[in-house]
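Thanks for coming, everyone. Please bring up the sequence and the model on your screens, and we'll walk through them together.

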Amino acid sequence: MTEGDSPTIARRRVRLALREARERAGLTQNQVAEAMEWSHSKVIRIENGDVSISQNDLRPLLALLGVKDKAVVTDLVAAARISRTRQQAWYQAAEFRDTLTDGMRKLIEYESEASEIRSYSIYYIPGHLQTPAYAEALMSRFEDELTEDQRTRRIEARNKRREVLETRPVTFLLMVDESVLRRTIGGPEVFAEQLRHLKQNAENGYVRIRMVPFSLDASVTNNASFDLLQLGQGEVLYRETGLNDEMIEDREAIAKHRARYDRVWREAAGEEDTIQFIDRQIKELERGNTGTASPENT
């Protein structure tokens, strides 16, 4: 176990090790539940990371799964102990559990631990870079699907995510479709404020941003925005389409998204050109001409 592992990282290592051991043993979750005299839902919650497993439960489970190496057992038991030391975070409070998806709460938890974040967006500025006014304007578009309380809590969550991420060291790469920098969500004033905030973050080094221009014949994905988060020695994938989202930890799926992201990042407009494009958009918005900036030099 890496010295200094956080409860989040420790819990993730334990649950992934248990799932991989179960799959190697050729056992289903139901079979494990029956052998351990647990409910099926308990196995699911442990493997999903919704609950931490106790040391007393972990040892017989490892024996059942054929994990006998003393060093491995000792390491996982120590990680299980650390994983249970966490205190309740803000996103685990009842009001957020009731209004945020499981995938979003997991994303927020991982964001607080990630050393690198790679984000790709096809429709709007990612949540943790949104200004309050932009977030409110965006959420208003879902008034038929979300209650007022759900929209309010999601806006609050975005503000909290922004505050947390802007105060901790993290390498953040953002790649956006050109349409994201043209779509005047909230109107010219709100969108201009949002672009100024984005430009400031890029210029102060908090985020590296590149635009995928309309002229570039390359597709990262044609139906979903996603985030890749580096956690310790592993990486996770968060994928979002409208109000639907999911956290993916399948290594093959993550590897495909990472390879595609890295390829298009190299082909997209450079960071300096992208900032210049954003600056031209701001000036056009301030003059009252929405979405008319030319993608020259990109």
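**The sheet**

Let's start with one pair of residues: L173 stands opposite R208 in strand β3. Before going on, a word on what you are looking at. This is a predicted model, where local features need pLDDT of at least 70, side-chain atom pairs count only at pLDDT 80 or more, and totals for chains, interfaces and linings use all residues. Residues are numbered from 1 along each chain as its sequence is written, and side-chain values use heavy atoms, with hydrogens and water left out.

Back to the strands. β2 covers residues 171–177, and it pairs with β3 in the parallel sense, over 5 bridges. Two strands pair if DSSP finds at least two bridges between them. Strands here are DSSP runs of E, at least two residues; helices are runs of H or I, at least four residues; both are numbered from the N terminus.

Now the whole sheet. It is open, has 6 strands, and runs in the order β3-β2-β1-β4-β5-β6 with mixed pairing. Which strands sit at the edges? They are β3 (208–212) and β6 (244–248), each pairing on one side only. On average, neighbouring strands are turned by 10° against each other, direction ignored. For that angle, axes are lines fitted to C-alpha atoms, for helices over the stretch in contact, and angles run from 0 to 180 degrees between N-to-C directions.

**Two histidines**

Next, H128. Find the loop between β1 (116–121) and α8 (132–139); H128 is there. Is H128 buried or exposed? Buried, with a relative accessible area of 1%. Buried means under 20%, exposed over 50%, and partly exposed in between, with a 1.4 Å probe and protein chains only. The side chains of H128 and R161 share a polar contact of 3.1 Å. That term is a pair of N or O atoms within 3.5 Å; within protein, one must be able to donate a hydrogen and the other to accept it, and residues adjacent in sequence count only if both atoms are side-chain atoms. Setting aside neighbours within four places in sequence, H128 has contacts (heavy atoms within 4.5 Å) that include E111, R158, L165, F172 and Y206.

H40 is the other one, in helix α3. H40 is partly exposed, at 32% relative accessibility. Beyond its neighbours within four places in sequence, H40 touches Q29, N30 and A33.

**Salt bridges**

Side chains of opposite charge can pair when their charged atoms come close. A salt bridge is a side-chain nitrogen of Lys or Arg within 4 Å of a carboxyl oxygen of Asp or Glu. How many are in the whole structure? The search finds 26.

Take D75 and R13: their closest N and O atoms are 3.3 Å apart. D75 is in helix α5 (residues 70–83) and R13 in helix α1 (residues 7–25), so this pair links distant parts of the chain, 62 residues apart. D75 is buried at 19%, while R13 is partly exposed at 26%. E47 bridges to R22, with the closest N and O atoms 2.6 Å apart. E47 lies in helix α3 (residues 40–48) and R22 in helix α1, so the pair ties together parts 25 residues apart in sequence. E47 is buried at 6%, and R22 is buried at 10%.

Last, R153 and E156 meet at 3.0 Å, N to O. Both lie in helix α9 (residues 148–165), 3 residues apart, about one turn of the helix.
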